[in-house]
Each structure stands twice: as C-alpha cells, then as structure tokens.
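Biologist: I'm new to this one, so please walk me through it with me asking and you answering.

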Amino acid sequence: MWLLTAVLSAVFAGITSILAKCGIHKTDSDVATALRTIVVLIFSWLMVFIVGSQGTIAQISPRSLIFLILSGLATGASWICYFKALAMGDINRVVPIDKSSTILSVLLAIVLFHETNNLPVKLIGIVLIGTGIFLMVEKKQSVQKQENRRWILYAVLSAVFAALTSILAKLGISGVESNLATAVRTCVVLLMAWVCVFLQGKQKKLHSLDLRELGFIALSGLATGASWLCYYHAIQNGPVSVVIPIDKASIALTVLFSWLVFREKLSRKGVLGLVLMLAGTLAMALWA
C-alpha cells in the first residue's frame with residue numbers, strides 16, 4: 001500500500017502545481033497560499049473523522065507533537081517560497097529546483113534513519129536527479145538580462161524547507177495515525193500562512209479576489225490535501241529514501257500539464273534533464 005500511496009501522491013502533486021499557477025495570475029501568492037491551506041485543513045480533518053482517528057489526539061506524545069509542529073513550520077515556509085517562485089518564473093524552471101529537495105531528503109534519510117540498503121543505487125539515483133535538474137533549469141537567452149532572478153532564490157529555499165519537512169514529519173509521525181498527523185501539521189501551516197498575510201498587510205487584497213482564480217486555488221488545495229494524505233501514509237509505512245523520489249516524479253506530470261495549459265515547452269536539453277531525473281527516481285524506486 002505504501003508504494004501505491006506514494007504514486008498517488010506524485011499524481012496529485014503534479015496536478016497541484018498547475019492549478020496553483022492558474023490561481024496566482026492576479027492573486028497575491030501569500031494570500032493564495034493562506035486560502036488554499038484552509039481547503040487543505042478542511043480536507044485533512046474530514047479524513048480524520050472518516051477513519052475515526054480523532055479520538056487518539058490525546059495519545060500523541062510531546063516528542064511527536066514537537067516534530068509535527070516543526071514539520072508544519074517547514075511546510076509553511078516551503079509553500080510561501082514555492083508560490084512566490086511560481087508567480088515570478090516558469091513552471092518548467094521552478095519545479096525542477098523545488099524537486100531537488102529529493103537529493104537533500106535522501107541524504108538526510110541515509111544519515112539519520114540509516115537507510116543504507118542498496119546505497120550505490122541511491123547514490124547513482126541522486127547523481128542522475130542532480131544532473132537532470134541542472135539541465136532543466138536553463139536560461140532563456142532572449143530574456144536572460146531582463147528577467148527577475150529572485151525566483152531562483154525562492155525556489156532553492158522551497159527545496160530546502162521541503163527536505164526538512166519530510167525528515168521532521170518522519171520523526172513526528174511515529175505512533176501517530178497518518179491522517180491525524182497531516183491534520184495537526186496543517187493547522188500549523190494555516191496559522192503561519194495567515195500570520196504572513198497580516199504582517200504584510202495583504203488581508204486587504206481579499207476584497208478584490210478574482211472568482212475564477214479563487215476556484216483554481218480551492219482545487220489546488222484539494223489536490224494538495226489528497227497528495228499529503230497519500231504521502232504521509234507512504235512515509236509512515238515505507239522507507240523515506242524510496243518514497244520521496246517517487247513523490248518527486250510528479251515533475252513529469254507537471255511538465256506535461258504546463259505544456260498543455262501554458263505552452264511552456266522544454267528544449268532538447270530540458271527533455272534530457274527530465275529523462276535523467278525520472279531515470280534516477282525509477283532506479284531508487286525499483287532497486288533501492
């Protein structure tokens with residue numbers, strides 16, 4: 001089951017990026033993040049009550065609760081950076097950098113959780129993914145001088161925080177039902193997202209929301225919620241160093257949808273990079 005939920009997590013994550021991009025053309029990225037987190041929170045707590053794990057809240061140990069809160073804070077930071085990067089740059093260049101969190105996550109899993117079985121395969125996978133990312137994040141020569149490069153910084157920060165999210169969640173999810181763990185950490189993300197909105201005075205922008213974009217933000221939240229539920233079930237029951245690469249394979253769907261929806265085409269170099277990333281992911285999923 002953990003393998004199936006890891007694959008489903010990748011599918012929903014691939015859809016999330018496209019829906020989110022559709023929802024931030026006019027809507028501020030911080031406001032969009034805060035709004036979609038409401039949807040994720042409702043969805044995650046609904047699942048808690050469906051599976052009946054709400055009665056185990058008091059049984060969460062202080063250690064698990066601390067790590068779930070830290071994981072939620074890291075997720076909030078990752079989301080804020082990710083959607084700022086999406087608002088500034090092309091999906092086909094932002095997403096590969098964000099997915100580089102795979103490399104850091106796998107290395108941390110090897111060191112912290114001693115997931116050293118088939119270590120050569122994992123290291124080869126890391127090299128392939130890293131090379132693929134380098135090839136995919138190429139400059140558009142025609143606009144290289146004029147473009148705003150801040151998206152690169154935000155994309156890198158998103159990857160770092162995403163890697164920390166996975167490791168902290170693995171530490172905090174032990175002994176906690178996965179749906180409940182997702183709901184608890186989503187509460188932290190929601191609080192963090194709205195604090196950022198109010199600290200910057202962006203709550204005024206809520207009065208001028210585009211209804212069409214609001215719909216895409218809501219759909220993005222539903223896709224995120226579904227991805228999270230599948231993902232945290234997978235890392236609770238399977239090896240982090242294998243689950244994470246499978247989840248990050250969502251980049252293939254994202255690239256496909258970005259071409260269909262936004263006509264963001266990849267060059268031959270970018271296609272080669274995508275193939276290498278998927279090869280590295282497949283190697284770790286099948287043999288690691």
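**Finding our way around**

Biologist: Let's start with Leu 256: which helix is it found in?
Modeller: This is a predicted model, so local features need pLDDT of at least 70 and side-chain atom pairs count only at pLDDT 80 or more, while totals for chains, interfaces and linings use all residues. Residues are numbered from 1 along each chain as its sequence is written, and side-chain values use heavy atoms, with hydrogens and water left out. Helices are DSSP runs (H or I, at least four residues) and strands are too (E, at least two), numbered from the N terminus. On that count, Leu 256 sits in residues 250-262, which form helix α11.

Biologist: Is Leu 256 buried, partly exposed or exposed?
Modeller: We go by relative accessible area: under 20% is buried, over 50% is exposed and in between is partly exposed (1.4 Å probe, protein chains only). Leu 256 comes out at 41%, so it counts as partly exposed.

Biologist: How far apart are the C-alpha atoms of Leu 256 and Asn 92?
Modeller: Along the chain, 164 residues separate Leu 256 and Asn 92. In space, the gap between their C-alpha atoms is 9.5 Å.

**The whole chain**

Biologist: How many helices and how many strands does the protein chain have?
Modeller: Reading along the sequence gives α-α-α-α-α-α-α-α-α-α-α-α. The count for the protein chain is therefore easy to state under the DSSP rule: twelve helices and zero strands.

Biologist: What radius of gyration does the protein chain have?
Modeller: This value is taken over C-alpha atoms, and the globule rule is 2.2 Å times the number of residues to the power 0.38. For 288 residues, a compact globule would come out near 19 Å. The protein chain agrees with that, at 18 Å.

Biologist: What share of the protein chain's contacts with a separation of 6 or more is between residues 24 or more positions apart?
Modeller: A contact means heavy atoms within 4.5 Å. Among contacts with a separation of 6 or more, the share from residues 24 or more positions apart is 91%.

**Empty space inside**

Biologist: How many cavities of 30 Å³ or more turn up, and what is the volume of the largest?
Modeller: A cavity is a set of points on a 1 Å grid over the protein atoms alone where a 1.4 Å probe fits but cannot get out, and lining residues have an atom within 4 Å of a point. Points are joined across faces, edges and corners, and the volume is the space filled by probe spheres set on them. The search of the whole structure finds two cavities, and the largest has a volume of about 430 Å³.

Biologist: Which residues lie nearest the centre of the largest cavity?
Modeller: The lining has 23 residues. Elements giving two or more of them include α1 (2-22), α3 (62-88) and α4 (91-99). Nearest the centre are Trp 79, Lys 99, Trp 228, Asp 247 and Lys 248.

Biologist: How does the lining of the largest cavity divide by residue type?
Modeller: Ala, Val, Leu, Ile, Met, Phe, Trp, Tyr, Cys and Pro count as nonpolar, Asp, Glu, Lys and Arg as charged, and the others, Gly among them, as polar. The result is eight nonpolar, ten polar and five charged.

Biologist: Which helix gives the most to the lining of the second largest cavity?
Modeller: That cavity holds about 40 Å³ of space. Lys 99, Ile 129 and Met 277 are among the residues lining it. The top contribution is three residues, and it comes from α12.

**A few residues up close**

Biologist: How many of the nine residues of α4 are buried?
Modeller: The buried ones include Ile 91, Asp 98 and Lys 99. This helix is largely enclosed by the rest of the structure, because the buried count is nine of the nine.

Biologist: Which residues does Gly 280 touch beyond four places in sequence?
Modeller: Gly 280 lies in helix α12. At 0% relative accessibility, Gly 280 counts as buried. Its partners are Gly 125, Leu 128 and Ile 129.

Biologist: And which residues is Ser 105 in contact with, leaving aside neighbours within four places?
Modeller: Ser 105 belongs to helix α5, residues 101-113. With 1% relative accessibility, Ser 105 is buried. Its contacts are Ala 163, Ser 166, Ile 167 and Ile 244.

Biologist: Last one: what is the phi of Asn 118 near?
Modeller: Asn 118 is in the loop between α5 and α6 (119-136), and its relative accessible area of 40% makes it partly exposed. Its phi is positive in a residue other than glycine, near 55 degrees.

Technical notes: 1 Å grid on protein atoms, 1.4 Å probe; cavity = no way out; pocket = protein on both sides within 12 Å on 5 of 7 lines; lining within 4 Å.
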